[in-house]
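Subject: Structure for you to look at

Hello,

Here is the structure I promised to pass on. Please open it alongside the notes that follow.

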Amino acid sequence: MTIKLPFPALRLRKPRGQQCLNAGLLLSAGLLLSACGQSDNQISISSDERAATAITIAANRQVAEQLNLNDQQDFDDARRGLIASPENLQVTSLADPATKVWDMPAYGFVQGDAPDSVNPSLWRQAQLNNIHGLFEVTPGIYQLRGFDLSNMTLIKGDSGWIVIDPITAKETARTAFNFAMQQLAERYPGKQNISAILFTHSHIDHFGGVLGIISQQEIEQGNIPVIAPAGFMEEATSENIIAGTAMSRRAVYMYGKNLARDEFGHVDSGLGKSPAFGEFSIIEPNQLVSETPTELTIDGVQFQFQYTPESEAPAEFTFYLPQYKAFCGGEVVSRNMHNLYTLRGAKVRDALKWSAYIEEARNLFADADIYFASHHWPMWGKERIQTFLKQQRDTYKFIHDQTVRRMNQGMTPGEIAEDLALPDSLAQAFSSRGYYGTVKHNARAVYQGYLGWYDANPAHLDPLPDPQRAAGYVALAGGAGALLEKAQSAFDAGNYRWSAELLNHLVFAEPDNSAARKLLARNYDQLGYQAESGPWRDVYLTAALELRTGTPETGINIATMKDMLLQTPVANFFDTLAVRLKAEDAADKNWRIKINFTDLNESHLLWVENAVLHHRLLSKDTPLEGEINASLNLTHPLFISMLIGEAGLKDTLFSDDLSIDGSKIDLVRFFSLFEKPATSFAIVLPD
């Protein structure tokens, strides 16, 4: 049986893909709908249209004059201990060998002086992040850098290798670990096995590749410790579940996923080159760190842990190795200013706690003579490390304290962001530069953390939606032609932010106005070229790309998350199903559906009430109250396969792992109440 789902209620900005919602039987109605495409109004681009303007060139030269870009200390540190670097570090997808998930040679253009189209400070960071290979931090500690956004660290244990943060994807993790084993085979003959795994925190670029280097069976058979901070599994599997679709789409902007790797496109993300978009995985820890200090001996190596929740990640730790006098900062400290708010979208991070953890680490591990971390390159020397930790500590505390100070003077988030600047003692430190986070958006994050989105100005309490406001501004300017003329004048004067604001109104009022889209794209080009932050550059240049070529048809494939989803609590999926409910269709519905996971020996009740989806785990000892419309009996792996589209209608109907009790019609009707979020939706266009 196939049913046709109704269109969602009309909205001012319709999510892409929801116009073609057709449902099959069972879960395919609510969860497995294929996104459909639509044609985009593409705009041609001339060969010189993206060139940096004279004003952008002058702005970038001014940055170069303000900083000591000739300082070679970071380059010396980044190259120190290099054992070997792969000649052609390209990694292909496990699912599709024709697709590259990692391509370091694509960044080969990042050499020499900065081109006019790249902020010279960001160019310097990009050059540092280009230095890749296997490095000896000190005999017994090795790092694989440049195989992914983050680092994989190997520590020699008595019986094997202790792996710290097996990077983002199975493909890149496997490549990195195998490369290390090849290079270290002569130094440590017979030591090719993994004796322990540590996840420093709950972000996917620090655990997603784990099943590329070891299997769950090997861990269980070898009784291998898998150690993580308390709360790791809950945070790692839930962070992107509820708002994952929106976050994934925004991540395309933040990391420049669709940009060319060249001087007019993506050059670096500040924190590293870019995430690897391969297959992701996770393994549940069998040992948790939940307090400071925690001392453990792991395969003969003594570890002293610092538990740092609600800092850079909700679940995180750092650690110290006394026998090496080496401090691993995880991602609590790194060689750039980090995000208090990440542009892909996430909960605001606590700058005050973050700063306090750095001060705690500085005192706890004051004897550290080596620093290394989950990103960037190490540092050697007790005095240098202490200075670095103080600068990192004060970068976050300064932004916090001075934002709150201005907030209490009545300044708005925009006013604070425009006014706030680091003192020279921090601004001249490359490790505090805004290559990833920035003072401007971190200041806004502090404000948001205390006071939320409302700045207390009543005009901002209930503003008109973007398209209506845009139409009003275009009319106020005297029409599209007059507004375009004013925007062109602002562009010619180098007032790119103002020109972009004017043109954004015009594009939202007249999305087919090719002249407006072209000029807005040129503004975003120049703003991207001047950005010191890798994510800011990628956001601006991705916006320019989409103004010229249209919104992408599809986004990130959920199938790459299969190993992650298999470890995610079932209740989390029902939470995300609840935010897909088409309330306008469910207002008078009261269906009750039971889902039995036959292999997990657990059952869940789903019901709709007051246009809200509820769910609860059913207790074996408590009888089910009221009648149910239908029961769906299936295995957890089949549920995941259906969710990601691996198992289609034919597979499920004839599978021994699925059966239905009760009304199949009611089951179909129930799941027809849910829409599938589009994997791609318009951002710079009023789709």
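Leu352 sits in helix H8, which covers residues 351–364. This is a predicted model, so please read everything below as computed from it. With a relative accessibility of 35%, Leu352 is classed as partly exposed. Together with Tyr450 and Leu451, Leu352 makes up a nonpolar surface patch, and the three share about 290 Å² of accessible area.

Salt bridges at H8

Helix H8 also contains Lys353, which forms a salt bridge with Glu310; the closest N and O atoms are 3.1 Å apart. Glu310 is in the loop between strand S14 (301–307) and strand S15 (317–321), so this pair ties together parts that are 43 residues apart in sequence. Lys353 is partly exposed, at 33% relative accessible area, and Glu310 is partly exposed as well, at 45%.

A further salt bridge joins Glu359 to Arg362, with 2.9 Å between the closest N and O atoms. Both residues belong to helix H8 and are 3 residues apart, about one turn of the helix. Glu359 is partly exposed, with a relative accessible area of 24%. Arg362, on the other hand, has 14% relative accessibility and counts as buried, the cut-off for buried being under 20%.

The Arg335 network

How many salt bridges does a search of the whole structure find? The count is 24. One of them is between Arg335 and Asp77, where the closest N and O atoms are 3.5 Å apart. Arg335 lies in the loop between strand S16 (326–328) and H8, and Asp77 lies in helix H2 (residues 73–79), so the pair ties together parts that are 258 residues apart in sequence. Are Arg335 and Asp77 buried or exposed? Arg335 is buried at 4% relative accessibility, and Asp77 is buried at 3%. The pair belongs to a network of salt bridges that links Asp74, Asp77, Arg124, Arg335 and Arg384.

Backbone points to check

Most residues other than glycine have a negative phi, and most peptide bonds are trans. Some places in this model depart from that pattern.

The peptide bond from Thr292 to Pro293 is cis, and its omega is near -10 degrees. Pro293 is in the loop between strand S12 (287–289) and strand S13 (294–298).

Ile167 is not a glycine, but its phi is positive, at about 45 degrees. The residue is in the loop that runs between strand S9 (161–164) and helix H4 (170–184). Ile167 is buried, with 1% relative accessible area.

Asn610 is also not a glycine and has a positive phi, in this case about 55 degrees. Its place is the loop between strand S20 (602–609) and strand S21 (612–617). Is Asn610 buried or exposed? Asn610 is exposed, at 67% relative accessible area, the cut-off for exposed being over 50%.

Helix packing

Helix H15 (residues 496–509) packs with helix H16 (residues 514–530) at an angle of about 145 degrees, and the two axes are 9 Å apart. The crossing of H15 and H16 is left-handed. On the H15 side, the residues that meet H16 include Leu503, Leu506 and Val507. On the H16 side, Leu519, Leu520 and Leu527 are among those that meet H15. Polar and charged side chains take part too, including Arg497 and Asn504 in H15 and Arg517 and Asn523 in H16.

In helix H7 (residues 244–254), the buried residues are Gly244, Met247, Arg249, Ala251, Val252, Tyr253 and Met254. Which helix do the buried residues of H7 pack against? They pack against helix H17 (534–549). After H7 comes Gly256, which has a positive phi near 60 degrees.

A buried phenylalanine

Phe671 is in helix H23, residues 664–671. With 0% relative accessibility, Phe671 counts as buried. Its C-alpha atom is 9.7 Å from that of Leu577, although the two residues are 94 apart along the chain.

Regards

Definitions and conventions:
Residues numbered from 1 in each chain as written. Predicted model: local features only at pLDDT ≥ 70, side-chain atom pairs only at ≥ 80, totals over all residues. Heavy atoms only, no water. Patch = residues over 30% accessible without salt bridge, like charges linked within 9 Å, V, L, I, M, F, W, Y side chains within 5 Å. Areas by Shrake-Rupley, 256 points an atom, 1.4 Å probe, with all protein chains shown as cover. Salt bridge = Lys/Arg side-chain N within 4 Å of Asp/Glu carboxyl O. Helix = DSSP H or I, 4+ residues; strand = E, 2+ residues; numbered from the N terminus. Buried < 20%, exposed > 50% of the residue type's maximum accessible area, 1.4 Å probe, protein only. Axes fitted to C-alpha atoms, helices over the stretch in contact; angles between N-to-C directions. Left-handed = near helix turned anticlockwise from the far one by under 90°. Contact = heavy atoms within 4.5 Å.
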